Amino acid sequence: MRYTESDQPSPSNSTSPDVMTGATTDTIAGPSSRGLDSLVHSNGHTPGTSKGYSFSSNGLSNGSSSVANGNGVMQKHGKSSIARVNLPGTLLYEDSNVDREEFVRLVLQSLRDVGYKQAAAALEAESGYSMESSEVGQFKQYILDGLWSKAEASLTRLGLTNEAKLWDARFLINRQKYLELLEAGKTTAALHVLRNEISPLNVESEELHTLSSLIMSTSPDDLRQRTNWDGAAGTSRQQLLADLHHYIPPSVMIPSRRFSTLLQQAHLHQLQRCTFHNIPANATPLSLYADHQCDNSAFPRMNTTVLAGHNDEVWHVEWSRAGDFLASASKDRSAILWRVGSDGTDWEAHQILRDHPYPVGCLSWSLDDSIILTSAENIIKMWNTQTGVCIRTITEHTETVTTLTWLSDGSGFISGGLDRKIIRWSSDGKTHEPWVLSPIRVVDLAISPDRSRLVTVGLDSIDSKPSPPSSRNGRGSGTPGESPNSGNGNGGQTNGSKATSDTRWVIAYDFLTREREFAKSMEGDLTSVKISQDCQYALINHSPDEIYMWDLNIGRLARKFTGQKQGRHIIRSCFGGVDGNFVVSGSEDGKVYVWHRDTGALLETLAGHGEGSVNAVAWNPGNERMFASCSDDRTIRIWEAPPLDGSVTSSLSHGSATAGPSSPSIGSSVDYKGKGKTRQLWDFADESGSATTSTRT
């Protein structure tokens with residue numbers, strides 16, 4: 001708002017507490033460091049009697065003598081000697097769409113927030129704009145002083161004319177009043193407020209019941225705990241002001257620290273648009289001089305380690321929750337738990353889980369990393385990760401178990417399979433209940449981190465029996481001791497191999513109610529699903545040669561990622577990076593592809609694996625600069641960002657689960673002459689005769 005030439009800014013007067021509340025200086029909440037605009041001495045407001053704070057519209061002194069304000073500006077008899085500048089137009093610049101008055105008022109707010117009160121006064125005098133009216137300052141003071149009736153009466157004078165919003169604002173004020181009376185032990189007065197001031201505001205009966213039940217609180221501490229409220233002496237009044245901002249027009253009462261909010265929004269937008277950004281936002285310095293832009297130096301594009309303990313195709317990898325172990329599942333009917341050293345270079349096979357009658361298709365770590373689940377055909381096994389002992393074998397499913405996932409609260413896990421069963425298990429695997437009988441043969445499922453949704457992908461076939469196996473077909477039934485003629489076993493099917501007419505589906509459920517939210521049919525095979533950490537997106541591998549990102553909030557396709565090859569095999573992709581801002585996938589051409597999640601731009605195509613498909617990828621949850629991939633070439637590869645100093649100090653490390661006594665230990669680093677040169681698996685075979693080559697058979 002703008003001053004007229006005759007305007008004389010003056011400080012507001014402090015008033016006594018509201019009679020109804022009976023508030024005293026002992027129970028009045030004063031402003032804190034987390035308060036709103038103009039709540040500290042350094043913001044240009046004259047101290048008053050309410051906890052030492054009061055508000056004025058512009059922070060100018062109204063004294064009667066000449067005072068130097070510290071910025072070379074002389075004020076005499078309450079009038080500034082600074083000449084007002086009248087600029088043409090209303091925009092900040094001729095070619096901008098920023099309103100000059102809004103900009104200046106935000107600058108005034110920021111100057112007062114950081115303590116430049118004299119500069120703010122000079123800017124008000126020169127521009128003719130004030131940050132806010134005296135009416136706003138009085139309203140804020142009424143709230144902080146607990147003068148509830150005066151605060152309520154001020155609402156309409158602050159431009160709050162919408163009846164519904166007016167009632168909501170009045171409710172917030174009266175609820176604070178009610179809680180403070182209960183806290184002070186004035187139950188009769190509180191009951192009067194509830195009946196005569198809150199109830200007439202058409203409050204929902206459930207809310208009224210909750211408020212009335214607070215009368216039974218045994219103590220002020222009990223009241224504060226039950227309402228998650230810190231009391232009159234805490235920051236509750238400042239929080240009330242913040243809540244009231246939603247109802248009062250922002251042009252009248254500027255939201256707290258508005259300029260800082262805009263800068264943070266701009267910073268976040270730059271981080272989201274930064275192609276290779278992979279540093280936590282709170283560790284990324286904000287410069288106002290230039291836009292933020294990262295290069296690929298923090299991106300894990302260097303293959304630093306090769307783990308070669310399996311003797312057949314590796315189908316799945318998954319990191320432990322802490323990120324210090326990596327589990328791999330293979331067609332060789334084993335799973336290996338790899339342990340990484342503190343420096344990320346000293347790898348070893350911590351446990352080798354061999355007791356599987358069929359190829360191992362999927363894995364899942366418990367919340368505390370003490371248990372890992374594996375599946376082999378219709379069998380689920382629970383393993384102690386420290387001892388490698390199988391603690392339970394589960395055979396509830398009648399067909400291939402295609403997916404296992406632990407619940408984020410650690411209470412149990414979910415299994416899904418081609419028998420259309422989705423089963424919820426207790427954390428010890430002893431008890432279970434059918435979660436839902438799926439209308440589709442489940443190929444994969446994922447649960448959102450907040451446990452609000454469960455998303456499945458699969459197919460609804462005319463022939464509900466598994467298709468007969470062929471080259472890289474579904475795993476088939478097989479018999480113990482005999483390797484089935486299986487392919488990429490993670491989903492029990494080969495893309496495009498069936499002659500029957502199948503319909504592929506994405507189905508999302510409300511996790512609590514188990515009600516279906518949406519179902520979408522698609523052409524082409526769907527082989528995996530992952531949900532982003534913000535619970536908004538589901539990443540779905542789709543053949544041929546596409547990855548879909550679905551917005552779960554609206555049930556629509558948000559983006560497609562292309563470039564990788566997927567036609568016949570099961571490929572599992574994932575989100576990655578510090579904020580989940582990358583999409584990573586394997587490919588049937590033996591490469592790893594990385595895209596930017598929000599732009600869809602292909603960032604990296606990483607070669608390194610041998611012949612065959614890269615079947616799965618997994619980003620380390622404890623190290624945003626590392627991920628793993630596994631392949632038909634029987635290896636797992638670790639990808640990391642180059643060293644910060646630009647040097648390459650570690651060579652690839654190899655291990656073999658079948659290494660003989662004279663061979664190096666499994667996964668140990670091998671020191672070999674020649675920069676960047678590493679010893680190959682067949683080098684160990686020459687020495688011990690126990691290792692086999694990693695070429696495709």
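**View A. Cys574 and its bridge partner Val584 in strand 26.** In this predicted model, local features need pLDDT of at least 70 and side-chain atom pairs count only at pLDDT 80 or more, while totals for chains, interfaces and linings use all residues. Residues are numbered from 1 along each chain as its sequence is written, and side-chain values use heavy atoms, with hydrogens and water left out. Strand 25 and strand 26 (residues 582-585) run antiparallel and are joined by 3 bridges. Strands (E, at least two residues) and helices (H or I, at least four) are DSSP runs numbered from the N terminus; two strands pair if DSSP finds at least two bridges between them.

**View B. The open sheet of strands 25-26-27-28.** The 4 strands follow one another in that order, and their pairing is antiparallel. Strand 25 (574-576) and strand 28 (602-606) are the edge strands, each pairing on one side only. From one strand to the next, the twist averages 25°; axes are lines fitted to C-alpha atoms, for helices over the stretch in contact, and angles run from 0 to 180 degrees between N-to-C directions.

**View C. Strand 30 between strand 29 and strand 31.** Strand 29 runs antiparallel to strand 30, with 5 bridges joining them. Val614 has Ser631 in strand 30 as its bridge partner. The hairpin made by these two strands has 6 residues between them. On the pairing with strand 31 (residues 636-640), strand 30 again makes 5 bridges and runs antiparallel; here the bridge partner of Phe627 is Trp639. This hairpin has 4 residues between its strands, and Arg634 in the turn has a positive phi of about 75°.

**View D. The two covered faces of strand 30.** Of the 6 residues in strand 30, 6 are buried, buried meaning under 20% relative accessible area, exposed over 50%, and partly exposed in between (1.4 Å probe, protein chains only). One side carries Met626, Ala628 and Cys630, and the other carries Phe627, Ser629 and Ser631. In a regular strand the side chains alternate between the two faces of the sheet.

**View E. Asn620 in the loop between strand 29 and strand 30.** The loop lies between residues 614-619 of strand 29 and residues 626-631 of strand 30. Asn620 counts as buried because its relative accessibility is 5%. Its side chain reaches the backbone oxygen of Gly323 at 3.1 Å. A polar atom of the Asn620 side chain also lies 2.8 Å from the backbone nitrogen of Gly622. These are polar contacts: pairs of N or O atoms within 3.5 Å, where within protein one must be able to donate a hydrogen and the other to accept it, and residues adjacent in sequence count only if both atoms are side-chain atoms. Leaving aside residues up to four places away in sequence, Asn620 touches Trp319, Gly323, Met626 and Phe627, contact meaning heavy atoms within 4.5 Å.

**View F. The largest nonpolar core, of 36 residues.** A nonpolar core is a set of buried Ala, Val, Leu, Ile, Met, Phe, Trp, Tyr and Cys residues joined through side-chain atoms within 4.5 Å. The residues with the most contacts inside this one are Phe139, Ile143, Leu155, Tyr178, Ile198 and Leu244. Among the elements that give two or more residues to the core are helix 3 (134-145), helix 5 (163-183) and helix 9 (236-244). Helix 5 supplies the largest share, 9 residues. Ile143 touches Trp148, Ala151, Ile173, Arg237, Leu240, Leu241 and Leu244, not counting residues up to four places away in sequence. Another core, of 17 residues, lies apart from the largest one and includes Leu307, Leu326, Val340 and Ala628.

**View G. Backbone geometry in three loops.** The peptide bond from Ser543 to Pro544 is cis, with omega near 10°; Pro544 sits in the loop between strand 22 (537-542) and strand 23 (546-551). Arg420, although not a glycine, has a positive phi of about 70°. Its loop joins strand 14 (412-417) and strand 15 (421-426), and Arg420 is buried at a relative accessible area of 18%. Arg514 is likewise not a glycine and has a positive phi of about 65°. This residue is found between strand 19 (502-510) and strand 20 (516-522); Arg514 is partly exposed, at 28%.

**View H. Spans listed as "repeat: WD" in UniProt.** The unreviewed entry lists residues 307-340, 353-393, 394-426, 579-605 and 611-640; positions are in the numbering used here, feature names are shortened, and annotations may be inferred rather than shown by experiment. Residues 394-426 are 0% helix and 58% strand, with end C-alpha atoms 12 Å apart. Residues 579-605 are 0% helix and 48% strand, with end C-alpha atoms 21 Å apart.
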